[in-house]
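User: Please take a close look at a single part of this model and tell me how it is tied into its surroundings. An informal walk-through is fine.

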Amino acid sequence: MNDWLALLNLSCCESWKVHGRPSVQAIWSTTCKGDIFVSEPSPDLEASEHLLPCDQMFWRQMGGHLRVVEAGGQGVVWGIGYDGTAWVYTGGYGGGCFQGLASSTSNVYAQSDVKSICIYENQRWNPVTGYTSRGLPTDRYMWSDASGLQECTKAGTKPPSLQWAWVSDWSVDFSVPGGADQEGWQYASDFPSSYHGYKTMRDFVRRRRWARKCKLVTSGPWLEVAPIALRDVSVIPESPGVSGRGHSIALWAVSDKGDVLCRLGVSELNPAGSSWLHVGTDQPFASVSVGGCHQVWAVARDGSAFYRGSVSPSQPAGDCWYHIPSPPKQRLKQVSVGQTSVYAVDENENLWYRQGVMPSYPQGSGWEHVSNNVRRVSVGPLDQVWVIANKVQGSHSLSRGTVCHRTGVRPLEPKGQGWDYGIGGGWDHICVRANATRAPRSASQERAGKQGLPNGPSLAAGAPREARGPVCC
């Protein structure tokens, strides 16, 4: 099977004339199984006219196993495994099952990853015997997955594939959202519902999560960055038309404990950097993003947003945090900053755009809803917007984890106009923050430019002119 996959991968790369390592402007992604894919951006991918549909992109699989891959300026690419281990891209390609002709002979190293497989023990209250594993006929399985729709017992649950091997026994997982009591139980009024870690008179059901660790050993073009486990990482995006050679590249991260970190010494020749600088916070954080002009935004675990002031190459950690209220009745979970645009995703899978962000007022003025059913967003150096979406209509059913591209994004319309739906589902993460590939100007744009008009034949008197590129601070 590995030989067949390697041959298929090599044949597809030959037909698309894709060879060697990915370019510095490549688009990176990961699937729900931890597989890593990369795509070379076409100039028409971000064109305002004759847009290349994103379902026509060619994705090449890379060796290794990661949960998150983030790329940025000058070819710096970092990844995070399921166990929180940080990895830096070495410049090779292949590895894993793509050894031999489909792999580089150097810069491929051994890699391992550990993930937890979780199942749930469910019980219902019986007035005579108390909580029991005998539920109602309409109840979920008494041993199930998180949704309750699939039966998952300790004996019947296997590692994700033959590549994985168990490295621990089953144990109660106390680190569940909503908290748990001393025995790991969470309580609720019924299935499904919101769970809490204490019992009340109205709680007729309870559940507890069991976890077991498994390990995968593979290889790929990745080197471990020790010793801090990470939850999120962000590299400053490639700046269009700006040469950053010789300067340190901004890289921010959030540790698995919620600490905010700034990596020092990151450069094109030393993508791993030299050391971590701790950035103080008054609570644990969950997500961070560094955009153009060193704009740094972050999301705390309580769902609120923060902007870091005075970040610059000479002051890489900035000086203070500015609290940004989250959208009404929503808790944010992820943020992405492009050249000028700021987007965020909340826990209910709503996508939000930050209005009023400008150099004189970088915190912006408010949140505007853009779309629902969005799991993750990536905003690039051209302020292009790509997301991983759920509930997208597929050929047979609604798919989970579909790559979608926001269309109609322009300086005067940064929220765009619609969605171009790509391949789905099963995608978990996408990063377009290295892609500063501009589309060639069309004939109408060239004529408009010669006439002194902004990308169009006419404008009403006094109308603002559309900028032809991102505004730098």
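Analyst: A quick yardstick to start with: a residue is buried when its relative accessible area is under 20%, exposed when that is over 50%, and partly exposed in between. Keep in mind, too, that this is a predicted model.

Let's zoom in on strand 25, which covers residues 351–355. Four of its five residues are buried, so by that yardstick the strand is mostly covered.

Strand 25 has a partner in strand 24 (residues 342–346), and the two run antiparallel with three bridges joining them. If you want one pairing to find on screen, take Y343, whose bridge partner in strand 25 is Y353. Together strands 24 and 25 make a hairpin with four residues between them. Within that turn, look at E349: its phi is positive, at about 65 degrees.

Strand 25 also pairs with strand 26 (residues 366–371), again antiparallel, through five bridges. Here L351 sits opposite S371 of strand 26. As a rule, side chains in a regular strand alternate between the two faces of the sheet.

Now for the salt bridges around this region. The structure holds nine of them. One is made by R331 and E347, with the closest N and O atoms 3.2 Å apart. This pair links distant parts of the chain: R331 belongs to the loop between strand 22 (320–324) and strand 23 (332–337), while E347 belongs to the loop between strand 24 and strand 25, and the two are 16 residues apart. How covered are the two ends? R331 has 39% relative accessibility, so it counts as partly exposed. E347 is partly exposed as well, because its relative accessible area is 44%.

Strand 26 has a salt bridge too: the side chains of E368 and K415 meet there, at 3.5 Å from N to O. Again distant parts of the chain are linked, with E368 in strand 26 and K415 in the loop between strand 29 (398–407) and strand 30 (418–421), 47 residues apart. At 25% relative accessibility, E368 is not under the 20% cut-off, so it counts as partly exposed. K415 is partly exposed for a similar reason, having a relative accessible area of 24%.

Further along the chain, R375 forms a salt bridge with D428, and their closest N and O atoms are 2.2 Å apart. R375 is in strand 27 (residues 374–379) and D428 in strand 31 (residues 427–431), so this pair also links distant parts of the chain, 53 residues apart. The two ends fall on opposite sides of the 20% cut-off. R375 is buried because its relative accessible area is 17%, whereas D428, at 26%, counts as partly exposed.

For completeness, R124, D139 and D190 are linked in a network of salt bridges.

To pull the part together: strand 25 is mostly covered, it is joined to strand 24 by three bridges and to strand 26 by five, and the loop leading into it from strand 24 holds E347, the salt-bridge partner of R331.

Definitions and conventions. Residues are numbered from 1 along each chain as its sequence is written. This is a predicted model: local features need pLDDT of at least 70, side-chain atom pairs count only at pLDDT 80 or more; totals for chains, interfaces and linings use all residues. Side-chain values use heavy atoms; hydrogens and water are left out. Buried means under 20% relative accessible area, exposed over 50%, partly exposed in between (1.4 Å probe, protein chains only). Two strands pair if DSSP finds at least two bridges between them. A salt bridge is a side-chain nitrogen of Lys or Arg within 4 Å of a carboxyl oxygen of Asp or Glu.
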